[in-house]
Structures are given as structure tokens and as C-alpha cells.
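Open the model in your viewer and keep the sequence panel beside it. The stops below are given in the order in which to select them.

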Amino acid sequence: MLSVFARAVADSQSPKRHSHYRAVFFWALALIILGSIGWFDYATGYDLHVFAFYFVPVWLIGWYVGLRSGMYMALLAAGTWFTADYTSGHVYYSPGIAGWNALMEFAACIVVAGIASIVQTQLRAQEKLDAELFQMLAQIKRLEGLLPICAACKQIRNERGEWELMEKYITSHSEAQFSHSVCPDCARKLYPQYLDAPKESALEPGKT
């Protein structure tokens with residue numbers, strides 16, 4: 001649903017603007033989610049652990065915006081968690097424990113952002129590979145079926161209705177290349193003087 005909405009917002013924009021508005025949209029959405037989670041964490045107190053919910057905005061940014069932005073969101077998520085935990089009255093035996101917990105939250109959020117970004121990158125690469133494979137198969141498929149060919153000059157009628165040489169048509173529709181030569185039958189028809197001429201016998205005695 002979110003992806004469809006974001007795509008509809010920037011369909012009429014250029015690719016650069018599309019990417020910009022897409023990032024702004026998901027950043028705004030992620031900040032709203034993060035603020036809601038932080039408020040809920042503060043309101044329910046430190047006895048109720050909701051730290052896993054902080055992964056949601058981090059995953060959202062890492063998936064739709066990128067790894068670097070996901071790391072920034074991970075820092076914001078860890079800071080929001082620490083602020084909600086501190087202001088809720090959670091007392092630690094040592095200030096280092098609170099810092100350690102915030103550091104662990106930050107590290108976990110970075111891992112989530114990294115996984116989301118890597119998986120999204122792999123999916124995009126797979127989609128690109130599938131598109132290239134489909135295009136390659138479509139290119140090969142164009143040479144299948146019935147080809148209108150002239151019975152006299154052997155020219156082929158292309159998809160635009162124009163007649164072109166067989167070599168040109170096949171070269172433009174496949175990876176094949178032509179190397180011209182002359183078969184034996186055509187060579188005897190075209191150049192009989194070179195193939196059918198009797199071999200000179202040895203000079204008879206008395207001939208000069």
C-alpha cells in the first residue's frame with residue numbers, strides 16, 4: 001500500500017525528483033512512526049519493553065531510502081528509546097548500564113537497516129537480471145514463426161512491411177554474422193572457365 005502511494009505521488013516527476021519525493025515521503029512516515037513508538041514507550045513506563053518496535057522505522061528507511069539513511073534512522077531510534085527510557089523514571093545502578101543498553105539498541109537497529117538495504121538491493125538486481133533475460137528471450141523469439149520471404153530474390157518482409165535482404169534481417173534480429181563465400185554448384189555456374197577447363201596435357205613431341 002505504501003509503495004503504491006509513493007509511486008503515485010511521483011509518477012509525473014523526473015527520476016531525480018521521483019527519488020527525492022520518495023525519500024521525503026518515507027522519512028516523514030518513519031519519523032511519525034518513531035515519534036508514536038517513543039510516546040507509547042514513555043507512557044507505558046520502563047516495565048513494558050517495546051524496543052523491538054523501534055526496528056519498524058529503521059527497516060522502512062533502510063528498505064525504501066538506503067543504508068546510509070537507515071543508519072541515521074538507527075541513531076534516531078536508539079536516541080528516542082534512550083530518552084523514553086530515561087524520562088520514564090528508569091533508575092540504573094550505573095550510568096554505564098544505560099549507555100550500554102542504548103549502544104546495543106543502536107547496534108541492533110544498524111543490523112536491521114543493513115539487512116533491509118541489502119535484501120532490497122539484491123531484489124533490484126534480480127529484477128534487473130530478469131528483465132534482461134526476458135528481453136533476450138524476446139529477441140530470440142522474434143526469429144520464430146513464419147517469415148514472409150520472396151520466392152525470387154529471397155528478401156524478407158520485416159515488421160514495418162519493408163523488404164530487406166535476408167542477411168540484413170537476420171543480423172538485426174539476432175547475434176548472427178555473415179561471411180560470404182560461393183558454394184561449389186554456384187561456382188560451376190558463375191565461373192565455369194576456372195573449374196571446368198580441361199587440364200593442359202603435357203606438350204606432344206614436335207610441338208613448341
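Select arginine 188 first; in this predicted model arginine 188 is partly exposed, with a relative accessible area of 40%. Now add aspartate 185, whose side chain meets that of arginine 188 in a salt bridge, 2.6 Å from N to O. Aspartate 185 is also partly exposed, at 48% relative accessible area. Both residues belong to helix 7, where they sit 3 residues apart, so about one helical turn separates them. An α-helix has 3.6 residues a turn, so residues three or four places apart point the same way.

How many salt bridges does a search of the whole structure find? The search finds 2. For the other, select arginine 160 and glutamate 162: the closest N and O atoms of this salt bridge are 3.3 Å apart. Arginine 160 is exposed, with a relative accessible area of 57%, while glutamate 162 is partly exposed at 42%.

Go back to helix 7 and show the side chains around it. Helix 7 covers 184-190 and helix 8 covers 192-195, with tyrosine 191 in the loop between them. Tyrosine 191 is partly exposed, at a relative accessible area of 41%. Select Val182, Leu190, Tyr191, Tyr194 and Leu195 together and turn on the surface: these residues make a nonpolar patch of about 560 Å².

Next, select the sulfur atoms of cysteine 183 and cysteine 186. Are these two cysteines bonded or unbonded to each other through sulfur? A search of the whole structure finds 0 disulfides. Cysteine 183 is in no disulfide, and its nearest cysteine sulfur, that of cysteine 186, is 3.5 Å away. A disulfide is counted within 2.5 Å, so this pair, at 3.5 Å, is not one. Cysteine 186 is likewise in no disulfide. Cysteine 183 counts as partly exposed at 36% relative accessibility, and cysteine 186 is partly exposed at 37%.

Move to helix 4, residues 67-87. Helix 4 has 21 residues and reaches 30 Å from its first C-alpha to its last, close to the 30 Å expected at 1.5 Å a residue. Which residues of helix 4 are buried? They are Ser69, Gly70, Met73, Ala74, Ala77, Ala78, Trp81, Ala84 and Asp85. After the helix comes glycine 89, with a positive phi near 95°.

Now look for aromatic rings; a search of the whole structure finds 5 aromatic pairs. One of them is phenylalanine 25 with phenylalanine 26, an edge-to-face pair at 4.9 Å centre to centre, with 75° between the planes. Phenylalanine 25 is partly exposed, with a relative accessible area of 22%, whereas phenylalanine 26 counts as buried at 0%.

Return to helix 4 for phenylalanine 82 and tyrosine 86: their ring centres are 6.2 Å apart and their planes are at 15°, so the pair is stacked. These two residues lie 4 residues apart in helix 4, about one turn of the helix. Phenylalanine 82 counts as partly exposed at 31% relative accessibility, and tyrosine 86 counts as exposed at 60%.

For the last stop, select Phe25, Phe26, Trp59, Trp63 and Tyr64, which form one aromatic cluster.

Technical notes. Residues are numbered from 1 along each chain as its sequence is written. This is a predicted model: local features need pLDDT of at least 70, side-chain atom pairs count only at pLDDT 80 or more; totals for chains, interfaces and linings use all residues. Side-chain values use heavy atoms; hydrogens and water are left out. Patches are made of residues with over 30% relative accessible area and no salt bridge: like charges are joined within 9 Å, nonpolar side chains (Val, Leu, Ile, Met, Phe, Trp, Tyr) within 5 Å. Accessible areas come from the Shrake-Rupley method with a 1.4 Å probe; for residues, only the protein chains shown count as cover. A salt bridge is a side-chain nitrogen of Lys or Arg within 4 Å of a carboxyl oxygen of Asp or Glu. Buried means under 20% relative accessible area, exposed over 50%, partly exposed in between (1.4 Å probe, protein chains only). Rings of Phe, Tyr and Trp (its six-membered ring) pair if their centres lie within 6.5 Å; planes under 30 degrees apart count as stacked, over 60 as edge-to-face and the rest as tilted. The expected span of a helix is 1.5 Å times one less than its number of residues.
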